[in-house]
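Here's a quick briefing to read alongside the fold. It goes through a couple of strand residues, then the helix packing, then the aromatic rings.

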Amino acid sequence: PLWALLSAVVFLFLKKLCCFVVYKKKTICNSFTPLIMDDNDELDYVEEDYYATLNLPRTATVEEISKAYRNLSRIFHPDKHGNGENKQKAELMFNRTKKAYEVLSDPHQRAIYDSLGVKGLETEGWEIVHRTKTPNEIREEYERLAREREERRLQQKTNPRGNISVHINATDFFSRYDDEYYDAGLLPSIEVSGMSMSQSIEAPLSRTEIATLSGSLHLQNGVGSGNFLLSGKRLINKGWFEVDCGAGNGPVLGAKGSRNLTNRIFLTGGTTFHFRPNAIIPGLTGTTAIQLDKNTLGYLTYNAGLQNSMSTVVERNTEKYHCNLTITLGIPHCYIAASYTRKLLEQGLKLRVALKGGTFGFLSECGAEKKVSKYSSVSATVCVGVPSGVTLKIKIIRSTQTYLFPIHLSEEVIPAAIFYATVTPLLTYFVLKKMLFDPMNEATKQKNIERVKETNSARMAEKRREAESAIALMGALYERIRKEERKCEGLIIVSAMYGKFTDAENVSLEEADDMGFVQQNAYVIDVRIPLQCLVKDSQLILYSSSKSELPGFYDPCFGEDKQLKIDYEYRNDSYSSIFGDMDPVRLPVLANEAPQYMAISIGVVLLTAYLGFTGCTATLEDEGRHGEQQTKKYDKQYTTSHPNLSDSEDQEEEEEEEDSESERNRRLHIESLGQLKSAKLKSIEKSLTEEQRQAEKEIERAQLAAIFELLKKQADSSNLNEDDLKEQLSLYR
């Protein structure tokens, strides 16, 4: 009952807190966004997508780029539009197309564009400046970049790193200490049993020398200690050397260094001297590291001094996982530890499990680390062991600063402690994400969108004019393509709308306002003409890029999630499809397409098999009849030279006429089968895509090659010449 009451109190408290956060989200967002949100998620200047301008994938070849440029030049070349307003529109679109072609056709410029975008192509030497910006905007951008440059220089010169750990004892929650002389109170007590802090900064003295100043403070059960350390590192050939001096529980002097022996082996070693009032305690450490393969390293480490140990570590790190195996022999503890971390990069998540056992007991860990922004992540780990009990570790990482909160829940392995240590962090994260992080993300996103809209207002207006000009120039091509598709019952775009709409079934170009007046929908544009002009061979193919960069398109709702809805006709049937802004598009997408194509493919295979069997039979018959004709010809010659034979010339002529009639019937039968096959394949090909046609051709080529090999073997066995072989193959074909 106590745990149920506490859970209800915590839930109500979180609910009230989240409601307050939602109510005051604007103030909270402005106050706390810099602490947990991405600073680089802000939208920047809107750049052109040259691949989308030519409707090409990023893997397009030089030939595909040239072909796309030629196709668009036929539409937008100024010489094709005479004089007047259309010629000015054509010049605008042709210059845009030409610019995209010049960049993508040049391997050097294309490499820069793929890596850095348009900014990389417009680098002037002192800074990156957009030529389309006003002088005031250029000055503002220069000042902003100068501030960012100074901040980066300060970060590089100091490279600050900090760690804060707060040890919390919450064992009173699950195992109350009952004492008749001590009043424990109604609620469990929580105490901070220890705390530690460490900080370090670096100061580059030269290109090969670095000075580091670090310090730390430790507090445990009311007893504190601390130290500071000044280090100087010098980079040398194939390694480095460092000298340390500091103070804590007495002065400390030390030296260490590293040396690469080969490309795969390096050594690291050092010595320290701790000066105590009555003694000098030396320390020695050495590590040998070997790279076993591309992703695997092995370490052998020896420590002597305050703690003596010998350890072996094998570590493997790939893009998908990280695993580690450690074996340590030492005084006072010996142990074996293994850990495995699974990296889910797309979700920004890492899952980790670890086991550790030795003379101190047994410990198991299970945890997850979630990336909440580019520079921030949170993690929670549940540690269960004997005799340590149950501990929950909460870690918050912000850039180079780390905050760790180990919460000791129980000194024994209690199921309730394990349950709350697992469930509480998950519930807390999801509640904060829903009530705090998501509203802050949305508020920051909207703020950035408004800022970029204002910055790029001139550019967006220009994009709209370009789209209207392109549509005006596509009229003749639109009518011609539509007419050709009508003739072959191909792909006809009935309607196409692009923009932001929640109800895709009832989206329209017009909408009613609050007063009931019908007005133009500002978030949706008509793109029927541009899409019809991109149809080729009854197919529409768009690649994985923003549709707003296609000829005839523009962005009607900058920063919002957009969709593309297409209603079209194909083979006199009507269809409708909806795609995301970055989704690839391939039309037609027919209803029950897969079963139809499967039936067609099965029919083609059966028909080809039947024709192949018939062709082989006809070939064998042809071989037999050819042999009979040769025999009869020889018999006729023999009879002519030997008039005493019983067969007469009239009988031979009748037999030859019967044979020729049979041969004509056989050829007519094969020709009729061939015509049947051609007619059937023509009817089938009308409903096949280009890839399926290519697949069918490959199957037919393979079948013909197999038949040719079969006929060749038959020819070798029956002594047929090459002309007869080609004739039989042509009959089958």
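S339 comes out as buried, because its relative accessibility is 14%. S339 sits in strand β12, and keep in mind that this is a predicted model. Setting aside neighbours within four places in sequence, S339 is in contact with H322, C323, N324, R352, V353 and A354.

**Another strand residue: M497**

- M497 belongs to strand β18, which covers residues 491-499.
- With 10% relative accessibility, M497 counts as buried, the cut-off being under 20%.
- Residues up to four places away aside, M497 touches V507, S508, L509, V524, I525, V527, Q563, L564 and K565.
- One of those partners, K565, is 68 residues from M497 along the chain, yet the two C-alpha atoms are separated by 5.4 Å.

**Helix α4 against helix α5**

- The axes of α4 and α5 come within 10 Å and cross at roughly 170 degrees.
- That angle makes α4 roughly antiparallel to α5, since anything over 145 degrees counts that way.
- On the α4 side, the contact uses I65, S66, Y69, L72, S73 and F76.
- On the α5 side, the contact is made by A90, M93, F94, T97, K98, Y101 and L104.
- Sorted by class, the α4 and α5 contact has nine nonpolar, three polar and one charged residues.

**Helix α5 against helix α6**

- Here the axes of α5 (residues 85-105) and α6 (residues 107-116) come within 5 Å, crossing at roughly 100 degrees.
- α5 and α6 are therefore roughly perpendicular to each other.
- From α5, the residues making the contact are E102, V103, L104 and S105, while α6 brings P107, Q109, R110 and Y113.
- By type, the α5 and α6 contact residues split into four nonpolar, two polar and two charged.

**The two ends of α6**

- What caps the N-terminal end of α6? D106 does the job, with a side-chain oxygen 3.0 Å from the backbone nitrogen of H108.
- After α6 comes G117, and its phi is positive, near 80 degrees.

**Aromatic pairs**

- The count of aromatic pairs comes to 11.
- One of them joins Y69 and Y101: their ring centres are 4.2 Å apart and the planes sit at 10 degrees, so this pair is stacked.
- Y69 lies in helix α4 (residues 62-76) and Y101 in helix α5, so the pair ties together parts 32 residues apart in sequence.
- Y69 counts as buried because its relative accessibility is 15%, whereas Y101, at 24%, counts as partly exposed.
- Y335 and F360 make an edge-to-face pair, 6.2 Å centre to centre with 70 degrees between the planes.
- Y335 is in strand β12 (residues 335-344) and F360 is in the loop between β13 (349-358) and β14 (361-371), so this pair links distant parts of the chain, 25 residues apart.
- Buried, exposed or partly exposed: where does Y335 fall? Y335 is partly exposed, with a relative accessible area of 23%.
- F360 is partly exposed too, with 27% relative accessible area.
- Y50, Y51 and Y113 form one aromatic cluster, and Y113 also appears among the α6 residues in the contact with α5.

Definitions and conventions. Residues numbered from 1 in each chain as written. Heavy atoms only, no water. Axes fitted to C-alpha atoms, helices over the stretch in contact; angles between N-to-C directions. Helix = DSSP H or I, 4+ residues; strand = E, 2+ residues; numbered from the N terminus. Parallel < 35°, antiparallel > 145°, perpendicular 65-115°, else oblique. Contact = heavy atoms within 4.5 Å. Nonpolar A, V, L, I, M, F, W, Y, C, P; charged D, E, K, R; others polar. Polar contact = N/O pair within 3.5 Å; in protein donor to acceptor, adjacent residues only side chain to side chain. Phe/Tyr/Trp six-rings, centres within 6.5 Å; stacked < 30°, edge-to-face > 60°. Buried < 20%, exposed > 50% of the residue type's maximum accessible area, 1.4 Å probe, protein only.
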